[in-house]
Amino acid sequence: IFKKDAGEYEYIENSLNRKLALWIGIVIVFAGIITASTVSLGFAAYFSALFGSPIILTALIVVLVTSLVNYYGIKESSLFNTICTLIESLGLILIIILGFKFLGKVDYFEMPNGFSGVFQATALIFFAFLGFDNIIKLAEETKDPQKTIPKAVLLSILFSSVIYILVAFVSVSVLGWEALSVSKAPLADVARVALPSFGGIIFFVLAMIALFSTSNTVLMSLVTSSRMTYGMSEEKGLPKLFSAVDKYRKTPWFSILFIMIVSLLFVLVGDIEIVAGLANLGLFITFAFVNLSLIILRYKWPDVKRNFRVPLNIGRFNILAFIGMLFNLFMIYYVFVGLL
């Protein structure tokens, strides 16, 4: 039904109302901005572990450089994303292979802080699992988005879930949760311990792969946030200036500039846990409303042809969307617990 870059904004506008959609759209944009700032600090931590550079300055430079790539063009950004994704996927597979023999070395059900600790950790690292949601913000630059985007989202969730779960099992098996919690370069440390005879080389290689991975995440967060503000401007939700397009590069230059400046400001906060918590708060609020919107649209537009239909329904009522809404509301509480 919807083919614009401002995916969630348009979705909520059609199911609820324009004013609420505007506020949620702003939340989405700032969640993307804060995600870029958070991951740039992660990049800087790996870079500092390798070269001893100051973390804040390095993070600022990363945001500046990736913003320039974003401005240069979507094809260039997509190419960089593809290359980085291949490199980071190979790195994660290498981690799984190196640490496979350590599986079973620890108690995976150990919960020193109980279920409350598990949920607080889930709320903190939630944004690191995301990326698939960014796909919907590039609808205008996707061929046949109504069919392509649902398939892309589902496949990316499937593959990333399997890889992330295996990496988590391997990492905690090799280092233990105590060492992981204080490591500045966790996956590189996992590789160094798993293969001590080549520890230095492996540490360097994995740290370099992590640099590709984190810089890629920063870039895609900046790209999708700028396209979101561009799409909202086209839908008259933001001032017209946000939809201004550079006549040579064909990119929304003002949106890119605005997103870059605000991202730089959040980098200056410096505390990755606080910044990540703010990003997650925005994401949980957004996803709660998106799930609610799906339920409402089933009743508001019952006869519209849908190329993709979410399974598990009782009549028009979608059970998955209802569970998703409740889960996101539940996790908002633990975001506040972590921030406080």
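Leaving aside neighbours within four places in sequence, which residues is Ile95 in contact with? They are Val167, Val170, Leu187, Val190, Ala191 and Leu206, where contact means heavy atoms within 4.5 Å.

This is a predicted model, in which local features need pLDDT of at least 70, side-chain atom pairs count only at pLDDT 80 or more, and totals for chains, interfaces and linings use all residues. Residues are numbered from 1 along each chain as its sequence is written, and side-chain values use heavy atoms, with hydrogens and water left out.

The largest nonpolar core has 46 residues, and Tyr46, Ile95 and Ala188 have the most contacts inside it. Such a core is a set of buried Ala, Val, Leu, Ile, Met, Phe, Trp, Tyr and Cys residues joined through side-chain atoms within 4.5 Å. Among the elements that give two or more residues to this core are α2 (18-51), α4 (74-99) and α9 (199-234); helices are DSSP runs (H or I, at least four residues), numbered from the N terminus. The most, eleven residues, comes from α2. Apart from this core lies another of eleven residues, including Ala123, Phe126, Phe284 and Tyr334.

Two residues in helices are compared by relative accessibility (buried under 20%, exposed over 50%, partly exposed in between; 1.4 Å probe, protein chains only).

| Residue | Helix | Relative accessibility | Class |
|---|---|---|---|
| Arg227 | α9 | 2% | buried |
| Leu257 | α10 | 35% | partly exposed |

The side chains of Arg227 and Asn70 are joined by a polar contact of 3.0 Å, that is, a pair of N or O atoms within 3.5 Å, one able to donate a hydrogen and the other to accept it, with residues adjacent in sequence counting only if both atoms are side-chain atoms.
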